[in-house]
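Student: I've just opened this one and don't know where to start. Show me how to read a few of its features.

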Amino acid sequence: MAALETDTENAAPADAKVVIVGGGVAGCSLAYHLTRLGWTDVALLEADQLTSGSTWHAAGLCTQFVPSLNLMQLLRASLDLYRSLEDETGQRVDFHECGSVRLAATHDRMDEFFHRRGIAELVGVPVEIVGPERVQELFPLVDATGILGAAHLPTDGHVDPTSLTHALAAGALARSARIHLSTPVTAIERDGGTWTLQTSRGSVRAEIVVNAAGQWARRVGRMAGAELPIVPLQHHYVVTEPLAEIEALERELPVLRDADGSFYVRQEGNGLLVGPFEPDPKPWALDGVPDDFHGRLLPADLDQIEGVLATAAERVPAFAGAGIKTVVNGPDGYTPDGRCLMGPVPGLRSFHVLAGFSIFGIVYGGGAGRYAAEWIVDGQPGDTMWELDVRRFGEYARPTRYLADRAREVYEREYAIHYPEEELAAGRPVKTSPLYDTLRADGAVFGVRSGWERPLWFARNGEEPRDLYSFRRGNWHEAVGEECRAVRSAVGILDQTSFAKFEVSGPGAEAFLERLCANALPEETGQIVLTQMCTPLGGIECDVTVSRLGDDRFYVVSAAATETHDYAWLERHRPEDGSVRLANVTARSGVLTLAGPRSRDLLQALAREDVSREAFPFFRCRELELPVGPVLALRVSYVGELGYELHHPLEWQRALYEHLREAGRPLGLVDFGYRALESLRLEKAYRLWGADLSQDWTPLEAAMERFVRLDKGPFVGRDALLRQRDAGLERTLTCLSVDVDGADPHGLEPVRSGERIVGYVTSGGFGHTVGTGIALSYLPVGDAVPGTELTVEILGERRSAVVAAGPLYDPGNERPVA
Ligand SMILES: Cc1cc2nc3c(=O)[nH]c(=O)nc-3n(C[C@H](O)[C@H](O)[C@H](O)COP(=O)(O)OP(=O)(O)OC[C@H]3O[C@@H](n4cnc5c(N)ncnc54)[C@H](O)[C@@H]3O)c2cc1C
């Protein structure tokens, strides 16, 4: 490791606007990008030397082939930077744009590649799907037996991690950032609106702290009072002696990934570097990474990786005969889903994180540093980073055992096929409602959101209750169709206990919510509104229902996945004068949803009150006395039918469910799951936050202006929305009916008008009632005219699609209000 020359190396650290803890690729990239955005009062504190954590020993592989639009954009930004950084800083970067070849040995894998190629077309990353002969040309050392094809990305490559990090640091230093080496942070306190960091060389005050401490980030988080879900896991690679086969080549080999064999190979000098993602990986230092673990490796454990290396030797026979020069076993910080943590840490003010890169920090580092810097400087990243947002996890992700189990599964499955609807198994169950065992006994197949087990579909008619995934149709397709038809024709019941539920009360509650919500709050007790909460730029930060329970009492309900995020958003804006009380009641309040034309009959069979249309209209809430006691009933529907959410104390849930089942039998009551919910809501073109709604789009673009009251007075984002309204919309969320044949859109498929890409599918699926594929997409207003003929590219095939005038089911919206 070369030491970086810094003029501040020996100086005591001085106060700074932003202090970054950690000088790996992440911390240096953040310093680089903050200074690029004009924030030059930046200090980086590194316990030892730059790169001395996980960065120095990385293999340096850089691919952009991920199943996410915004993350592919991030990775592309990384590589664009690595290509140009040397010219900018004069510091060697050593980026090799040698391309990559990812092998496919199964048809499902080919489907996966075609889906990802669609995303790459949107982002502008070149990808060609090639056959075995071309594979052989691209990587002559491969034995292509059993290979169906491959994805070739000519702009992928690899980079020298140490050179890259030093170049990023040099860029930051050139713009006046200060880097203090050998300066471990030992304590962090909040004091009078700023942070004080104790270091071995004195204390530093900062307005904003960023925890970029890699596998130490959990410990650094604890210093400030936050638990971050990161644990270290070991990863090996081996480097061979030079090979005559490589010496004879006139060009550098592309990076080879054998996804089905679970290993990667790249050229290192005239040898090979081979890294496995082996089964049963080993966590490390679960009780804390030792202070002196700098510039060090772990002992090599060849038994651990020999199985995958043997597979690699079959695929690349030259490797079989090569002498092993070096074995590297290094740890890196892993998160429960293998994606890093970025953004403001919930529960702390002005404290961000950028850590947990899970063996991908080199390729993510450049782009992640850019988005993290934008988040700090502009208040939000340039594109939504929900997939990396630290607030995607909740308290359930604290226990070390859970973290280790999740990390191991993510690692083992690094090269597995990642199906659109897949659910992972490790660390489950965590949170269950009282109905879990009952529903399971009735054939429920569960998925997980925010730690909660939720029924996805019910195996009936002797089917095996487990998911068999496909990029085409999973084995649940017919069962989900039956559930959908039962909901549309009779009544269904769904356990939605996982909903995030917050009580907002106090004399300042109304003004507080009015300032955050784009819709006007309900005026009368018992009324409900659907509303978005916007960012100052008008993007959709939260999508919630707000029920007024009293003069100064409100009940806010949002999706399970956004519990931590939405609560943090409320908490962050809450006035500090004590006038607003905020309570997260998610864990104590159960929700059973009734949906379908017979749901009123069912409710009336149990309620003592009159629940007729007149007595209990749409978008109202009221307390009802049911056999178990009083429950809060909300007359809302996410499936587009007459329906109710019954919010109740969790301890009553089993009894309430039994009463409903009993009373529902003559009405044709069925259990349904979240996969049916998804199909039903698509038929109604109801939007889903995280897919159709995000900070990237405003409620006006989402065609939700009926839920926005620009005339109600100031609220966060209003100015931006007014500007957009006056300027006119460029894009609008549009519903397409898609001609499908055994494969439905899932999301991120390109939408074209002729040869021109005009948008992409934000969410899609099959509508079992309307009998067609459905896609939602933000389209240029000129292409969003009803009847316009477009195509949606599904698994490499362009399927015809037509712009619909509105929702495909019940466009007049008569059924929910019936
Ligand atoms: C064997 C192996 C191969 C890999 N190969 C690849 C690859 O091919 N491609 C890829 O993209 N990624 C790869 N990675 C992953 C990559 O190395 C990491 O994800 C990345 O280096 C993480 O960078 P970081 O800045 O987050 O963490 P680190 O590099 O660990 O930096 C964190 C820094 O924080 C400092 N620090 C900790 N505590 C304190 C404190 N209290 N005060 C001050 N400073 C502190 C540490 O000293 C350290 O320097 C690999 C990882 C391993 C283990």
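Tutor: Let's start with one strand. In β19, F351, V353 and A355 point one way, H352 and L354 point the other way, and all of them are buried. Here's the general idea: in a regular strand the side chains alternate between the two faces of the sheet. A word on what you're looking at: this is a predicted model, where local features need pLDDT of at least 70 and side-chain atom pairs count only at pLDDT 80 or more, while totals for chains, interfaces and linings use all residues. Residues are numbered from 1 along each chain as its sequence is written, and side-chain values use heavy atoms, with hydrogens and water left out.

Student: What do "strand" and "buried" mean here?

Tutor: Strands (E, at least two residues) and helices (H or I, at least four) are DSSP runs, numbered from the N terminus. Buried means under 20% relative accessible area, exposed means over 50%, and partly exposed is in between (1.4 Å probe, protein chains only). Strand β19 covers residues 351-355, and five of its five residues are buried, so β19 is largely enclosed by the rest of the structure.

Student: Which strands does β19 pair with, and in which sense, parallel or antiparallel?

Tutor: Two strands pair if DSSP finds at least two bridges between them. Strand β12 (residues 202-211) pairs with β19 in the parallel sense, over three bridges; there, V209 has F351 as its bridge partner. Strand β18 (residues 341-344) runs antiparallel to β19, with four bridges joining them, and P344 stands opposite H352. β18 and β19 also form a hairpin with six residues between them, and G347 in the turn has a positive phi of about 90°.

Student: How do I read a whole sheet?

Tutor: Follow the strand order, then look for the edges. One open sheet has three strands in the order β3-β8-β4, with antiparallel pairing. Its edge strands are β3 (61-62) and β4 (95-96), each pairing on one side only. Two bridges link β3 to β8 (residues 157-159), and L61 is partnered by H158 in β8.

Student: What is the order in the sheet of five strands?

Tutor: That open sheet runs β24-β25-β26-β23-β27, again with antiparallel pairing. At the edges stand β24 (528-534) and β27 (581-584), each with a single partner strand, so one side of each is left without a neighbour in the sheet. Neighbouring strands here are turned by 30° against each other on average, direction ignored. Inside the sheet, β25 (residues 540-550) and β26 (residues 553-558) pair antiparallel over five bridges, with G550 partnered by R553. Helix α15 (residues 563-573) packs on the sheet and touches β23 (500-505), β24, β25, β26 and β27; the direction of α15 makes about 75° with that of β25. Contact means heavy atoms within 4.5 Å.

Student: And when two helices pack together, what do I look at?

Tutor: Two packed helices are described by the angle between their axes and the distance between the axes. Axes are lines fitted to C-alpha atoms, for helices over the stretch in contact, and angles run from 0 to 180 degrees between N-to-C directions. Take α13 (residues 477-489) and α18 (residues 674-683): they pack at about 60°, with axes 9 Å apart. That is therefore an oblique pair; under 35 degrees counts as roughly parallel, over 145 as roughly antiparallel, 65 to 115 as roughly perpendicular and the rest as oblique. The crossing of α13 and α18 is right-handed, meaning that the near helix is turned clockwise from the far one by less than a right angle; anticlockwise would be left-handed.

Student: Which residues make that contact between α13 and α18?

Tutor: V480, E483, C484, V487 and R488 of α13 meet R675, A676, S679, L680 and E683 of α18.

Student: What about single residues, such as S29 in helix α1: buried or exposed?

Tutor: S29 is at 0% relative accessibility, so it counts as buried. Leaving aside neighbours within four places in sequence, S29 contacts L168, G365, G366, G369 and R370. L516, found in helix α14 (residues 509-516), also has 0% relative accessibility and therefore counts as buried. Not counting residues up to four places away in sequence, L516 touches Q532, M533, C534, W569, L570, H573 and V716.
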